[in-house]
Each structure stands twice: as C-alpha cells, then as structure tokens.
Amino acid sequence: MTATRTRSAAPATPASPSVPSVPSVPSVCRTTYREAMREALREALRGDERVFLMGEDVGRYGGCFGVSLGLLEEFGPERIRDAPLSESGFVGAGIGAALAGMRPVVEIMTVNFSLLALDQILNNAATLLHMSGGQLPVPIVIRMTTGAGRQLAAQHSHSLEGWYAHIPGLRVLAPATLTDARYMLAPALADPDPVLIFEHGSLYNVSGDLPADAGPVGIERAAVRRPGTDVSVITYGGSLPKALAAADDLARAGISAEVIDLRTLRPLDDATIGESVARTHRAVVVDEGWRTGSLAAEISARLAEQHFYDLDAPVERVCSAEVPVPYARRLEEAALPQAAAIVTAARRAVGEPRPATAGPAEPQPVNRGVGGAG
C-alpha cells in the first residue's frame, strides 16, 4: 500500500510577481595586513599564468611571516618556488625570468638580506632598460620586510627603503594600510620597471575592515590620511599608525595635524606634499630610517627648494637614533620614532612650548660652540 499525504486547501491569494533573490554582499571584509597581502598574491597567481612566487621558505613553510601560507597547496611547486639561501642567486634568477617574459614576485625575507642581492638589484634590474636602449624591460616585483619594533636586534631591524629610493630605474612602494596591502601588487606587476615593495613587520598582524569596493589603487600618488590645517605630518609604512596617534593627541590640544602617507617613495609625489604644506605652512617628516642621508632629509630639502616661502617654521624631522637598533625592548622603543616625539616636533613647529613636567627642572646643557670652548 502506498501512503499518501494530503494537505488542507489554503485560501486562494492573488498571485504576485516573483522577485529574484539578490545575494547579500558584505560591505566590508574583516582581514589582517598579512591576509590582504596573501589575497593579492592569490589573485595575481590566478589571473596570470606568468606570475610565480619565489624566495626562501615561501612554499612549505608558508613564508617567514606567513604571507604565502597555503599557496603551495593551491598552486603547486612550479609557481610557489622555495629558493636556496642565496639572495644574489634567486633575485638574479627572478631578473632572468622577467627578461624572458615571466612576471616573478621575489620575496626577500628581511631588508638586511637584500644587501646580498644589491648588485643584482642596482646593477642589473635598475639599469638594463637604460643600457639596452629600451629593449630590455625588467618587470619584476621584489617584496621584503622592513623596520624595527619587534626585538629582532641590529641585524634584522633595518629601514633601508631610503637607500633603494635613491636608485633611478626602480619604483619603491611602502603599503601602510589594508587597502594598499591588498591592491598595490596588481599595478606593481603591470609596471614594466622593477618594483620594490617594503612591508613593515609591525603591520602584519594589524586587523581591520577592508571595504568591498576598496580597490584598485594607484601607485603614483601619496594619500592624505587625515586632513588638517596647522601642521603637515609626512610619513610612510610602519610610522603611519604612530603619526595618526600623534594627530589624535594634537587634536586634543587644539592643533589640527594633516597626515600624509607617502605610499610611493620613488618617485616621490611632490605635488601632494607641496599642496599640504601650502595649506598648513609647517611640516614634520617622520622616517624610521637614520637621520643622516635619510628619506626625511630628501623631503626636507625638496620643501626648502620648492616651498620655502610657504613655510612659517623650519621643517622638523623625527627619525631613528643613529645607533644599531638595540635588542632590549625599552632601548629599542627609545631609539625609534614614537608618537610622543612626533607630538613634540609638531608643537615645536607651531610655536607651542613643550608641556611642563612635574618635579624640578632639569639642568640645561651649556652651548659651548663648535670648537667646544667655554
């Protein structure tokens, strides 16, 4: 016997036109800087079979900082290639692959190791287009971790991006936000010239909401991350969060700081920097590199050359102490630019004295002149 199920008749209702269901699209995506970089790599690998990733520990280990975790399983060892511990060797191989029509992304573990490949980067990647009369472009992207603040001591805490920004023939990028981390790689790979991307190590764990419509982004212009009217704070990379924190502190004191994120260190966006200083008439340049011969020095010189009559005060610079970066946490913090030092420099630029501290005044050093005579 076959059982049947009956349903009581429902009262008839007028037919209504069917409305197609629209899938809900999240307006934001919660992610980290590390995950944004990984998704940029994944998109590049899926979109162009010429793209491959090469470097130390990028495959099985998932990258020294976890950026390439899972990509080996997804794309295989031909496109996620673990390289031997020879920066000169695998950067050179990447340059050769770029010359042959591939689109390599070469990862150097930390910026100090890039010095072992400086001959390849400077004497080959940066110069071949010029020396070949325009016949040999080198469309390679070289990524590396930069910066201090993680107790990795003097050999793994360098900020040498200013050195590379000195070299004609290179484009130098410093993504400081989730959006830039996610979307700067695509235009870098489309650039016919070699592109260096410096990822500050302190940013990898930074999390936030990435808008669904955030990309794409350009790699030519600086960005005004916070508008202001009293002083321009010009920075990049891992110093951007400190500059924004300093701007919050300054706002509580009635000082409106405009924060400029350089984003591209070579070529510098003189127009955005100049427009900001023309509005505020004061500038503080924050650079984790050492002060002598720094990127901050270059920006200060350009402001003096191009905007001398817009400035109402000398350009202030907040840089790292000129010592090898210490290992001990408190010494390391003291050696690096911090929000408090940025606040002090901005107050000095706008002509406000530093707030008085409790307790007896410290004795002031006597200026004995250049020769040291009393």
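How many salt bridges does the structure hold? The count is 20 salt bridges, in a model that is predicted. The structure holds zero disulfides. The points below cover an open sheet of five strands, the helices that pack on this sheet, several charged pairs, and the surroundings of Glu199 and Val67.

**The five-stranded sheet**

- The sheet is open, its five strands follow the order 9-11-10-13-14, and the pairing is mixed.
- Strand 9 (223-226) and strand 14 (316-320) form the edges; each has a single partner strand, so one side of each lacks a neighbour in the sheet.
- On average, and with direction ignored, neighbouring strands of this sheet are turned by 25 degrees against each other.
- Strand 13 (residues 283-290) and strand 14 run parallel and are joined by five bridges.
- Val285 has Arg317, in strand 14, as its bridge partner.

**Helices on the sheet**

- Helix 10 (residues 270-280) packs on the sheet and touches strand 9, strand 10, strand 11 and strand 13.
- The direction of helix 10 makes about 155 degrees with that of strand 10.
- Thr272, Ile273, Gly274, Ser276, Val277 and Thr280 are the buried residues of helix 10.
- These buried residues pack against strand 9, strand 10, strand 11 and strand 13, and also against helix 11 (295-306).
- His281, just after helix 10, takes a positive phi of about 70 degrees.
- Helix 9 (residues 240-252) lies across strand 9, strand 10 (231-235) and strand 11 (257-261).
- Relative to strand 11, helix 9 runs at about 170 degrees.

**Salt bridges**

- Side chains of opposite charge can pair when their charged atoms come close.
- Arg263 and Asp180 form a salt bridge in which the closest N and O atoms are 2.8 Å apart.
- Arg263 sits in the loop between strand 11 and strand 12 (264-266), while Asp180 belongs to helix 7 (residues 178-183), so this salt bridge ties together parts that are 83 residues apart in sequence.
- Arg263 is buried at 7% relative accessibility, and Asp180 is buried at 3%.
- Arg221 and Asp269 meet through their side chains in a salt bridge of 2.7 Å, N to O.
- This pair links distant parts of the chain, 48 residues apart: Arg221 is in the loop between strand 8 (207-211) and strand 9, and Asp269 is in the loop between strand 12 and helix 10.
- Arg221 is partly exposed, with a relative accessible area of 42%, whereas Asp269 is buried at 8% relative accessibility.
- Arg226 forms a salt bridge with Asp248, and their closest N and O atoms are 2.5 Å apart.
- Arg226 is in strand 9 and Asp248 is in helix 9, so the pair ties together parts that are 22 residues apart in sequence.
- Arg226 is partly exposed, with a relative accessible area of 24%, and Asp248 is partly exposed, with 34%.
- A network of salt bridges links Glu39, Arg42, Arg46 and Glu74.

**Cysteines**

- A disulfide is a covalent bond between the sulfur atoms of two cysteines.
- The structure has zero such bonds.
- Cys64 is partly exposed, with a relative accessible area of 32%.
- Cys319 is buried, with a relative accessible area of 15%.

**Glu199 and Val67**

- Glu199 lies in strand 7 (residues 195-200) and is buried, with a relative accessible area of 1%.
- Not counting residues up to four places away in sequence, Glu199 touches Tyr33, Met37, Val67, Arg143, Met144, Thr145, Thr146 and Tyr204.
- Val67 lies in the loop between strand 2 (51-55) and helix 2 (71-75).
- Val67 is buried, with a relative accessible area of 3%.
- With neighbours within four places in sequence left aside, the contacts of Val67 are Arg34, Met37, Arg38, Leu41, Gly62, Arg143, Glu199 and Tyr204.
- Val67 and Met37 are 30 residues apart along the chain, and their C-alpha atoms are separated by 6.4 Å.

Technical notes:
Residues numbered from 1 in each chain as written. Predicted model: local features only at pLDDT ≥ 70, side-chain atom pairs only at ≥ 80, totals over all residues. Heavy atoms only, no water. Pairing = 2+ DSSP bridges. Helix = DSSP H or I, 4+ residues; strand = E, 2+ residues; numbered from the N terminus. Axes fitted to C-alpha atoms, helices over the stretch in contact; angles between N-to-C directions. Contact = heavy atoms within 4.5 Å. Disulfide = S-S within 2.5 Å. Buried < 20%, exposed > 50% of the residue type's maximum accessible area, 1.4 Å probe, protein only. Salt bridge = Lys/Arg side-chain N within 4 Å of Asp/Glu carboxyl O.
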